[in-house]
Amino acid sequence: MASRTETRTPAKLERNRVVGKVLPIALFVLIVGFLGFTVDHFFTTNNLINILLQSSALGFMAIGMTAVLITGGIDLSIPAVMALSGILGSMYMRSGGDPVVASLIMIAIGMVGGALNGLAVAYLKMIPFVVTLSTQAIAMGACVMITNSVSVLGLSQSFIDVVMSRLAGIPTPIVALAVVATIVAVLSQKSLFGRWLYAVGMNAETARVSGVPKKKVLFGTYVFAGLFAGLAAIIITARLSSAAPTMGQEGVVLNVVGSAVVGGVSIYGGSGSFAGAVLGAVIITMISNIMNMAHLSYYATLIVKGLVIVAVVAIDSRSKRA
Amino acid sequence: MTKTSLKLSDIRKSFPGVIALNGINLEASAGEVLALIGANGAGKSTLMNVLGGIVHMDSGRIEIDGETVELRNPLEAKATGIAFVHQEMALLPTMSITDNMYISGYPRKANGLIDYKAAEIRCSAVLTTLGCSMPPRTKIKSLGAGDRQMVEIARALLSDPKIIIFDEPTSSLSSAEKTRLFAVIRSLRERGSTIIYITHFLDEIFALCDRALVLRNGEVAGGGKVADLDYERIVKLMLGRTDLDTAKLDRERAGSLKEVVLKVTDLGQKGSFEGINLELHSGEVVGLWGLLGSGRSEIARALAGLDPVDSGKMEVLTKGSLKTMRSADAKKWIGMITENRREDGLLSQSSIRKNISLASLPFLMSSFWPFINEKKEKSEAARLIERLEIKNAGMEMPVATLSGGNQQKVILSRWLQKNPPVLIMDEPTRGLDVGAKLEIQSRISSLAGDGSAILVISSEIEEIMGISDRYLVIYKGRIVAELGPDASKEELLTAAVGAAPVRLS
Amino acid sequence: MSRGDSALGRVAGIFREYGFLIILLAVILFFSVATKRFFSISNIMGLLHACAPIAIVAAGLALVVMTGKLDISIGSVSFFSCAVGAILMTRMGVSPALALPIVVALGALCGLLNGLVCVYLGVNPLITTMGSMFIFRGLALQLTGSRVISIPQSLRTFGNFRIGPVFLDVIIAILFLLVVHVLHTRSPSGRRVMALGNGAETAARLGVRVKTVSLATFMISGLCAGIGGLFAIFQMGAVTLQMGTGQEFTAIAAIVIGGISLFGGEGAIFPNYILGILTLGIIENGLNHLGASPYVYPFVRGGIILLAMYADSLKRSAKPLVALSRG
């Protein structure tokens with residue numbers, strides 16, 4: 001987003017690093033502590049599994065968003081693309097299509113959306129925020145137009161059963177998220193693309209001078225985000241047994257950005273972990289639950305989340321300046 | 001007739017670790033053009049910053065028209081009648097000439113709105129005295145470099161200054177624009193202004209200036225009336241004793257010159273350079289020598305594939321023969337150490353190890369998993385750290401914790417690891433202390449000894465003489481001379497200022 | 001590849017400079033031909049009437065964009081400040097003479113908050129205004145209890161008042177924009193807004209107080225959001241739940257279609273901004289006449305923004321920036 005001069009002192013870098021890692025863990029402990037205290041039966045297996053299940057789709061989207069954030073960009077269209085892919089996949093199933101193919105359709109649509117964003121940002125050098133704001137509106141427009149604001153029902157039962165099944169008592173989405181998150185986390189630290197990703201985020205010019213294919217990397221991150229939007233679509237449509245444009249409504253993007261930010265991913269790029277983002281998703285879900293319990297209206301939750309995001313980013317900004 | 005309008009007495013200024021100005025005495029009169037010459041680091045910029053109120057001197061006295069003044073900030077400097085035309089133009093491209101000239105203080109009407117009529121009349125008046133006829137409403141972005149500079153000058157003249165300082169004004173001008181600039185400066189002189197003209201280009205001094213002052217190492221090396229000076233004398237003053245010979249670093253030259261690794265034909269980039277032809281052989285160090293603004297860095301960046309070119313072709317030695325290469329592929333064969341390591345040389349948040357391996361990652365992959373072989377990465381980094389003697393507290397520490405010299409070594413290691421056939425270095429020892437400089441210089445030598453073809457840009461003549469096997473001299477975007485290993489300082493300097501290389505007896 | 005001097009280069013140059021005008025004319029032509037009743041007085045007047053609120057709301061955003069930044073909270077600020085006003089008038093019996101200035105002041109205050117966070121806490125304007133967008137909307141919905149709040153009938157009459165065929169609020173809007181335009185082009189502060197858009201560093205070197213100017217533009221954005229919101233509720237007679245939703249998007253579309261670059265430093269209220277608003281209004285009005293479903297609008301706006309950004313990026317890469325002296 002903004003250009004950065006490398007003026008951070010070593011002391012500040014350390015503090016930055018520490019804050020990025022400590023913040024999500026501290027928040028997590030705080031909130032779990034709070035809930036454990038106030039809610040009866042909080043630490044039951046059932047309840048904990050429930051929370052993780054609630055967070056799973058968000059977790060996938062947060063992973064996608066994190067990749068984009070690390071490069072210093074942002075993708076506001078993730079929820080909308082997720083909704084669109086969910087709708088299209090569901091419609092396919094409704095007309096008798098095979099559920100596996102439907103899942104692939106969802107992933108494919110997600111990646112197409114991501115490719116569009118990636119093309120605009122990486123090759124046409126447009127501003128990520130505005131581009132993804134536009135693709136979000138287009139995707140939501142498409143959702144509403146295709147469904148006429150009516151939920152898509154009639155998903156194939158086998159699809160729902162498989163996605164919502166349990167492996168050794170743990171719901172599949174949770175297992176899937178854990179496995180995928182682990183793979184992504186490991187790859188981000190150890191693979192070539194992972195190194196390139198962080199390099200581009202830290203200093204795109206240095207990366208370019210050193211031979212890192214900047215444009216390809218940028219393009220790839222947006223496609224990656226789209227892919228994960230598609231994965232999230234699979235989970236959500238199975239959980240709801242339906243698909244509707246409301247899946248991508250405005251509050252969702254707040255959750256996704258919030259998950260990443262609370263999970264220690266910097267808006268300015270170059271730092272943050274995928275594991276942190278998933279933890280952030282769980283934290284955001286728990287915060288939503290707390291607000292529900294406190295009978296805060298939906299709108300109040302928007303306010304709180306907005307404040308949280310701005311506050312965390314403000315702290316991040318302070319630690320990056322003098 | 002000559003009234004001293006500006007007098008600087010014993011100006012001293014130090015920064016931590018370096019004495020920038022060591023007792024400068026300067027006098028300039030109304031109606032004269034005084035040239036201020038000196039190599040980089042001689043103290044010109046610091047002196048000008050003192051006059052401009054940007055930097056405070058430690059001691060000394062400044063008198064204008066006989067009255068002692070204190071210049072605490074740029075506004076006070078302006079108020080005492082000093083105006084600057086900086087090398088880097090501060091212009092707003094989408095706005096009009098009038099806006100650019102008056103943005104810091106518009107004339108206002110009674111109702112508080114800008115009095116554009118008055119502003120435009122004044123703008124036109126000032127522009128006319130400069131021989132310009134651009135309508136004041138013209139937007140800056142549609143003006144060429146020469147016209148833009150006229151606007152800068154016009155803005156400086158708005159306050160009717162007594163003393164006008166030009167800092168390297170001709171770097172981006174065509175020769176026609178330069179002629180016009182000189183006419184303008186002459187007319188300013190006729191009107192009684194005092195003009196200080198900072199430049200590298202000796203031919204301009206002889207064409208335009210009345211007197212000259214040469215700075216060296218923060219002191220006045222000498223000067224006098226331009227009519228009494230010539231090239232050789234000025235060059236001598238800039239350099240110091242001419243019998244000072246720089247010890248050429250020893251290098252094991254494995255036999256005669258090897259094969260051509262890079263061949264460049266007629267390379268050009270609009271507005272920066274043109275007609276560049278050169279050949280680099282493996283095992284040699286070629287010094288790309290020229291003054292600031294000559295286009296050296298632009299050529300280097302274009303060769304490394306970082307910036308696009310408009311014409312010409314590049315051929316690289318692949319599998320035994322020279323094959324044409326696209327500019328975009330240059331990065332495979334040509335590595336570049338850029339001018340400003342803080343801007344685009346380092347990932348400062350990242351560790352030393354990762355900074356070193358950044359250009360070689362595809363070669364550090366595990367054979368089995370799609371992972372980077374960290375063991376190999378670490379051992380390679382350790383090897384390089386030891387070889388270059390990078391002082392560090394552990395290779396996992398952020399590279400920002402290192403001193404400038406060690407940071408530069410990290411960047412050097414990065415390219416050593418990749419080991420491309422051609423390596424371009426733009427100011428590789430900038431900002432380093434003497435010890436670090438010598439170290440890097442000897443590394444460069446040994447790199448060439450190992451077979452790389454190296455192109456070095458440096459603003460320090462001793463340095464480039466110490467490491468180069470031969471020289472390509474750049475002046476205004478063209479190669480004006482190719483000099484062999486025993487070229488002297490004088491030859492290099494005179495070639496760089498656009499005159500034919502002069503050999504002193 | 002040499003350009004500029006060829007005939008094709010010249011056509012491309014004209015299109016770059018006046019593209020927005022050409023598009024407007026093309027759009028008018030298209031819809032006049034494609035639909036009946038498009039060119040009628042009543043339709044045109046209705047169109048202008050419908051455009052008036054957004055024209056005011058987005059004017060402040062236009063200034064922010066000209067400094068090279070963005071403010072997507074305008075819809076929510078509009079909603080929030082008007083909700084407060086409506087509640088004051090309807091539920092607490094405060095007279096409009098007091099409530100309306102409060103609305104405007106509240107808008108400015110919201111803008112000020114945005115500005116303080118961006119400029120003094122250093123948070124990215126995109127994140128700040130995205131956050132405040134949700135915060136203000138949430139506050140507004142909380143205050144209104146998710147119910148429609150109507151406003152005094154007198155205001156509604158005023159909002160739809162006509163002098164002959166012309167709506168009063170259109171006239172007021174035009175006057176308002178005229179004032180903004182004059183201040184933008186002929187006051188030192190207005191000129192400094194443009195200077196900032198040319199580059200904060202250069203502007204600072206020239207003595208422009210970058211932080212103050214930036215803060216002021218955010219405040220004006222909030223102010224315009226408040227005032228424009230009033231125009232909207234006067235027309236409707238009430239504050240609805242969906243007020244201001246997606247308005248920032250429409251605003252950005254209108255701004256870019258008028259040729260104002262999102263990178264800052266370019267454009268003016270007359271002609272760019274006005275034409276942009278009109279073009280967008282005409283497109284949507286025309287689509288309405290063509291019987292297009294309301295679902296089409298997000299596509300149209302999104303598509304417009306992407307196309308305009310693409311054109312803008314072409315414009316930037318076509319002219320190599322004349323090399324400012326460098327070492």
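Which residue of E10(B) stands opposite B:Arg216? I looked this up first and found B:Glu219 in that place.

**Conventions.** I noted that the model is predicted, that local features need pLDDT of at least 70, that side-chain atom pairs count only at pLDDT 80 or more, and that totals for chains, interfaces and linings use all residues. Residues are numbered from 1 along each chain as its sequence is written, while chains are lettered from A and ligands numbered from 1 in the order in which they are written.

**Confidence, chain B.** I read pLDDT as the predictor's confidence in each residue, from 0 to 100. Chain B has a mean pLDDT of 84, with 94% of its residues at 70 or more. Over residues 242-250 of chain B the pLDDT stays under 50, and the model has 11 contacts beyond four places in sequence for them. A contact here requires C-beta atoms, placed from the backbone, within 7 Å.

**Overall form, chain B.** I counted 17 helices and 20 strands in chain B; these are DSSP runs numbered from the N terminus (helices H or I, at least four residues; strands E, at least two). The radius of gyration of chain B is 25 Å, close to the 23 Å that the globule rule gives for 505 residues, so chain B is as compact as a globular protein of that length. That radius is taken over C-alpha atoms, and the rule is 2.2 Å times the number of residues to the power 0.38. I also recorded spans of about 80 × 60 × 45 Å for the C-alpha trace of chain B along its principal axes.

**Domains, chain B.** I took domain 1 as 4-239 and domain 2 as 260-496, with bounds from an automatic or database domain assignment. Their C-alpha centres lie 35 Å apart. Eight residues from domain 1 of chain B and eight residues from domain 2 of chain B make up the contact.

**First sheet.** I traced an open sheet of six strands in chain B, ordered E6-E7-E8-E3-E9-E10, with mixed pairing. Pairing requires at least two DSSP bridges between two strands. Strand E6 (82-85) and strand E10 (219-225) of chain B each have a single partner strand, so one side of each is left without a neighbour in the sheet. E9 (residues 211-216) and E10 of chain B pair in the antiparallel sense over six bridges. Helix H1 (residues 44-51) of chain B lies across E3, E6, E7, E8 and E9, and runs at about 145 degrees to E7(B). Axes are lines fitted to C-alpha atoms, for helices over the stretch in contact, and angles run from 0 to 180 degrees between N-to-C directions.

**Second sheet.** I then followed E16-E17-E18-E13-E19-E20 of chain B, an open sheet of six strands with mixed pairing. Its edge strands are E16 (334-337) and E20 (478-483) of chain B. E16(B) runs parallel to E17 (residues 422-426) of chain B, joined by four bridges. B:Ile337 has B:Met425 as its bridge partner in E17(B). Helix H14 (residues 404-418) of chain B packs on the sheet, touching E16 and E17, and its direction makes about 175 degrees with that of E16(B).

**Chain contacts.** Between chains B and C, I listed 25 residues from chain B and 21 residues from chain C. Chain C gives 32 residues to its contact with chain A, which gives 34 residues. On the chain C side of that contact, H5(C) gives the most, with 12 residues.

Terms used:
Two residues are in contact if their C-beta atoms, placed from the backbone, lie within 7 Å.
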